[in-house]
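Please open the model in your viewer, with side chains available for display, and follow the selections below in order.

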Amino acid sequence: MPMLRQEYLPASAVPDTAHLLAQPGVLALVNFGDSCAAMAQPGVIPLGMPSLCDKPWEVIRYGDSIAERGTDEHCQWSLIEDVLCVATWIAPEDCSDIEAATEVAYGRLFRVIQAKGFPYPFRIWNFMPDINNGVGDREEYKKFCVGRQRAFDDYHVAPQEYPAASALGHHTKGAVIYLLAGRNSGVHHENPRQQPAYQYPREYGPTSPSFARATSLALRSREQVFISGTASIIGHNTQGVGDLEQQLTITLDNIKHLLMHVGQADSELSGVRVYLRRPQDLAVARAFFAARLPALVVNFIHADICRSQLLVEVEALASPRL
């Protein structure tokens, strides 16, 4: 039975999004480009950040049915069997108060997944403008974290229930939050090499980031591990400041250690997104991953990382080898 998959495609492979969305097993299409605004067609999720290696599309595949799609609560949703994908966008003018806008956006998402009978998010993505702008507690990312935490508190989500997540910055207007949710809860994991993000000390903001290092879930009886955005952090401290290769090495070591900790060391990685702060680092990053993973499963994305000292962040999907 097919598992959930995230596959990257060049622009030439997606001449018609409507045709692709109508195919069995296509849950959603994620677009890496300059737009971060909802499209008229539910199922297409523009993120506002470009691929640096001509892979502007990610296809999220699951099951073998044609997806149901719709719009509720200013959210677009797609559903196949026991997986629901929901996306909502924040208008550019509302991003001026990202704290309040994030709480409102998460409220919309939570109402939709609960109404649809999929109350358990197991993977969340957050993309916003100007993530490193602002000083001290007024940094945009820290304000976003406050808004997200308020939404979790509003819906009584305990820290041990926070799912895997990524939060990155782009260079366009507007913001988007999207998630995958199920009928049953996944298992949320921490990494012994890293302090749980929701327990970070006060220096990282008035509210700690609300996510787990990974969430595992058995989809169609095969357990998959959704690995959060992972960076060169040991404990709660940034490592390898100014050294891209050291940050890449520590980041991948963190992922390996996490998979060993959850008993999935032999898993196969796919849906690997390498977020690079500086486009000029593409050649070094590409060579680093070419020696470790098939090029087909890796995408390089231009994005700002939540800490200004971080040059790279990596996320992935770990699945059992067939």
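Select His156 to begin, in what is a predicted model: this residue follows helix 3 and has a positive phi, near 55 degrees. Now extend the selection back over helix 3 itself, residues 140-154. Its end C-alpha atoms lie 21 Å apart, which agrees with the 21 Å that its 15 residues should span at 1.5 Å a residue. Is this helix enclosed or open to the outside? Twelve of its 15 residues are buried, so helix 3 is largely enclosed by the rest of the structure. Colouring by accessibility should pick out these buried positions, among them Glu140, Lys142, Lys143 and Arg148 as well as Phe144, Val146 and Phe152. If you then display what surrounds them, you will find that the buried residues of helix 3 pack against helix 2, strand 8 (120-129) and strand 9.

Stay with Phe152 and add Tyr162 to the selection. The ring centres of Phe152 and Tyr162 are 5.0 Å apart and their planes meet at 20 degrees, so the pair is stacked, the limit for that class being under 30 degrees. Both residues are buried. Phe152 belongs to helix 3, whereas Tyr162 sits in the loop between helix 3 and strand 9 (164-170), so the pair ties together parts that are ten residues apart in sequence. Widen the view to Tyr106, Phe110, Tyr155 and Tyr198, which together with Phe152 and Tyr162 form one aromatic cluster. Across the model, the count of aromatic pairs comes to 14.

Two members of that cluster, Tyr106 and Phe110, lead to the next stop, since they are listed among the buried residues of helix 2. Select helix 2, residues 98-116. The 19 residues of this helix should span 27 Å at 1.5 Å a residue, and the end C-alpha atoms of helix 2 are indeed 27 Å apart. Its buried residues also include Ile98, Glu99, Arg108, Leu109 and Ile113, and the buried set packs against strand 5 (68-72), strand 6, strand 7, strand 8, helix 3 and strand 10 (175-182). Just after helix 2, select Gly117, which takes a positive phi of about 85 degrees.

Continue with two further backbone positions. Most residues other than glycine have a negative phi. Asp54, however, is not a glycine and has a positive phi of about 55 degrees; look for Asp54 in the loop between strand 3 (44-46) and strand 4 (57-61), where its relative accessibility of 52% counts as exposed. Glu81 likewise has a positive phi of about 55 degrees without being a glycine, and it is found in the loop between strand 6 (75-80) and strand 7 (83-90). At 32% relative accessibility, Glu81 counts as partly exposed.

Next, display the cysteine sulfur atoms. How many disulfides are there? The count comes to zero. Cys53 is in no disulfide, and the nearest cysteine sulfur, that of Cys36, is 20 Å away. Cys75 is also in no disulfide, its nearest cysteine sulfur being that of Cys85, at 11 Å. Both residues count as buried, Cys53 at 10% relative accessibility and Cys75 at 0%.

Move on to Asn191, in the loop between strand 11 (187-189) and strand 12 (214-219). Asn191 is buried, with a relative accessible area of 3%. A polar atom of its side chain lies 2.9 Å from the backbone oxygen of Asn254. Show the surroundings and, leaving out residues up to four places away in sequence, Asn191 touches Arg213, Asn254, His257 and Leu258.

For another buried polar residue, select Thr238 in strand 15 (residues 237-238), with a relative accessible area of 18%. What joins the side chains of Thr238 and Arg307? A polar contact of 2.9 Å does so. Apart from neighbours within four places in sequence, Thr238 is in contact with Ser232, Ile233, Arg307, Gln309 and Leu310.

Finish with two arginines placed over aromatic rings. Arg220 lies over the face of Tyr62, at 5.6 Å from the ring centre, while Arg292 lies over the face of Phe288, at 3.7 Å from the ring centre.

Definitions and conventions. Residues are numbered from 1 along each chain as its sequence is written. This is a predicted model: local features need pLDDT of at least 70, side-chain atom pairs count only at pLDDT 80 or more; totals for chains, interfaces and linings use all residues. Side-chain values use heavy atoms; hydrogens and water are left out. A disulfide is a pair of cysteine sulfur atoms within 2.5 Å. Buried means under 20% relative accessible area, exposed over 50%, partly exposed in between (1.4 Å probe, protein chains only). Rings of Phe, Tyr and Trp (its six-membered ring) pair if their centres lie within 6.5 Å; planes under 30 degrees apart count as stacked, over 60 as edge-to-face and the rest as tilted. Helices (H or I, at least four residues) and strands (E, at least two) are DSSP runs, numbered from the N terminus. A charge sits over a ring if NZ of Lys or CZ of Arg is within 6 Å of the ring centre and within 35 degrees of the ring normal. A polar contact is a pair of N or O atoms within 3.5 Å; within protein, one must be able to donate a hydrogen and the other to accept it, and residues adjacent in sequence count only if both atoms are side-chain atoms. Contact means heavy atoms within 4.5 Å. The expected span of a helix is 1.5 Å times one less than its number of residues.
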